[in-house]
Amino acid sequence: MRPRIGWLDHLLGALLCAGYVALLLGTSADLAMSRDESFYVTAAQDYARWMRQLWNDPDAALTTESIDAAWDYNHEHPGLAKALFALSWIAHENAKDGGSVGSAGSAADGRHGSAGSAADGAAAEGAGLFASDSDAFRFPGMLSAGLLLWLLYIFGARVFGREAGAFAAVAYALMPRPFYHAHLDCFDVPITLALTFAVYAYWRALTSRGWIVIAGLAWGLALAVKHNSWVLPGIFLIHYVWMVLAARARAKRDLPASARLVTRPWWLVSLAWLGPPIFLATWPWLWHPETMLERFGWYARFHVNHEYYTIAYLGRSWFEPPFPISYPFVLTAITVPLVTLAMAGVGIAMRARAMLPGFVRDRVWKNGDVEPDSPHTDVLLIGCLLAPILMIALPSTPIFGGTKHWFPAYPFLCMYAGLGIVRATNALRHGVGARLPASRWTSRVLVSALVIAPMLVQTVHSHPFGLSHYTPLAGGVPGAADLGMNRQFWGFTTGSLTEYFTEQMPNGGTVYLCDMTPGAWEMLHRDGLLPRNVRWSASMTNADFVMVHHEDHFLEVELQSWIAFGTTKPAHVLTYDGVPIITVYENPRRRR
């Protein structure tokens, strides 16, 4: 019997959410803005300007010229996530000067350099809602991560019980790469939340008519965040056919159902009627009837025929298909804590019998007390776990984004990990725990901590090098380097060099950025992490320092710096567990 979820459960979920968001806010200053974040900051500032115009002069804001001026930038992605970044930024600016929505946020009028100057003036007027401008843009992503823990607890509790739900949330929170991405002004965690909620809403709609409308709303929100959502109806349809056929088979055999099913596909009607309008309503770039189809076609083609970027994998730089099928499986194995994978394996093994078709189960696995529920929840969860990974495994799918492109699989992996952890802790509690001179609850807490400790240690150790972290299965960071694995991307590790550059250039100077964008460098100024007189340089020859982010395709930057400076001797090497992450070269002319 599944537990009845009440307000105490949601209180626990809310506490998980609040605690995780507080942790993310407390550790975000350690992470410089990444390459992609800087683009979304610019987009959010454009959107914020348009929102203020909409508040003050709706007629002018809704003209084609005004909409395109604000929403044309970064139209590779839908508008919802960036609109949330913009609203968070507006709230931050309002807190600085106490103005209204229509007048706050003068910094949002500009981009990069001009925005930073305005932000400095606003900062002098008030502290703002957040500790930094970066936090203002990043907060919706952090909140998405916290809400995902809340949802994971509730979803896991309804399926496998409260303990399993709690462990599922903890297992997700303590995954090094999702922990890094949870800090960011990006889409990867928001779309993971949106897709997980859409799956939850669909699952509830199978046994509760009240959730049918919510399922359509949830999918619409997922569409409005990122294109990952396109495949969700297909996954639902496969599961629905499986469920209906199984229900008919049970009815023929006069077997009772564990729950009353909504067997008519009203959820599909809800998705069709509500999903596209929500997608359209949240993206003004598509609002012009004369260009709507053309622009949507461009958006779809962009992602269906996405360009390829290089990434290192097992000693080779991959930049064109066919890509290795093993990529997402190997990366999952060596970036997700081993205890999480092992516990997920235990949980999946426990429920394996329930995932088989009835005719196979009756012939191959007759003996067993594990039976599928009426909605065949395990089939849905396993489908949602495998689909994102299998899509990346296709030889034609770009792999440049690393693990973030199959993050939507991880909540379902963690749900089974939660079930496995419950099984393991119960076994240990009745074994080792039974010998401890402690109460039943004390032994349960101690054994649970023993299981969770490896996840915690790895996640703490990964910060602030989340994308450079590999688990002991790969030999840690040094082992992954020996295997020729990717060490980083997006130039985010520059944040670990701010003190070095500040000390080396007390009177100012310039740095060649390599993989970091000028916009991301500007955010270091706006956040007060780097003096304004330490500037970026577009010329390597004229720069005081050159950064080389250790990615295979930046080897040419290192060679060029040797030629430009006439030396191969580094001035500084940033390392993580002894592995070079950034090498800094100094222009010898600055010492003369």
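Here are three short exercises with worked solutions on this predicted model.

**Exercise 1.** Find out how many residues of helix 10 are buried, and what this says about its surroundings.

*Solution.* Start with the extent of the helix: helix 10 covers residues 188-205, which makes 18 residues. From first C-alpha to last, helix 10 reaches 26 Å, close to the 26 Å expected at 1.5 Å a residue. Next, apply the burial cut-off of under 20% relative accessible area. Of the 18 residues, 17 are buried, so helix 10 is largely enclosed by the rest of the structure.

**Exercise 2.** Work out the strand order of the five-stranded open sheet, then place helix 23 on it.

*Solution.* Reading across the sheet, the order is 4-3-5-7-6, with mixed pairing. Strand 4 (534-537) and strand 6 (572-576) are the edges, each pairing on one side only. Ignoring direction, neighbouring strands are turned by 25° against each other on average. Now look at one pair: strand 3 (residues 509-512) runs parallel to strand 4, and four bridges join them. Among these residues, G509 has V534 in strand 4 as its bridge partner. Finally, helix 23 (residues 518-526) packs on the sheet, where it touches strand 3, strand 4 and strand 5 (545-549). The direction of helix 23 makes about 180° with that of strand 4.

**Exercise 3.** Describe how helix 7 and helix 8 pack.

*Solution.* First, the geometry: helix 7 (residues 133-160) and helix 8 (residues 162-173) pack at about 145°, with axes 7 Å apart. Their crossing is right-handed. Then list the partners: residues including L148, L152 and F160 in helix 7 meet residues including R162, A169 and Y172 in helix 8. Sorted by class, this contact has 12 nonpolar, two polar and one charged residues.

Notes. Residues numbered from 1 in each chain as written. Predicted model: local features only at pLDDT ≥ 70, side-chain atom pairs only at ≥ 80, totals over all residues. Heavy atoms only, no water. Helix = DSSP H or I, 4+ residues; strand = E, 2+ residues; numbered from the N terminus. Expected span 1.5 Å × (residues − 1). Buried < 20%, exposed > 50% of the residue type's maximum accessible area, 1.4 Å probe, protein only. Pairing = 2+ DSSP bridges. Axes fitted to C-alpha atoms, helices over the stretch in contact; angles between N-to-C directions. Contact = heavy atoms within 4.5 Å. Left-handed = near helix turned anticlockwise from the far one by under 90°. Nonpolar A, V, L, I, M, F, W, Y, C, P; charged D, E, K, R; others polar.
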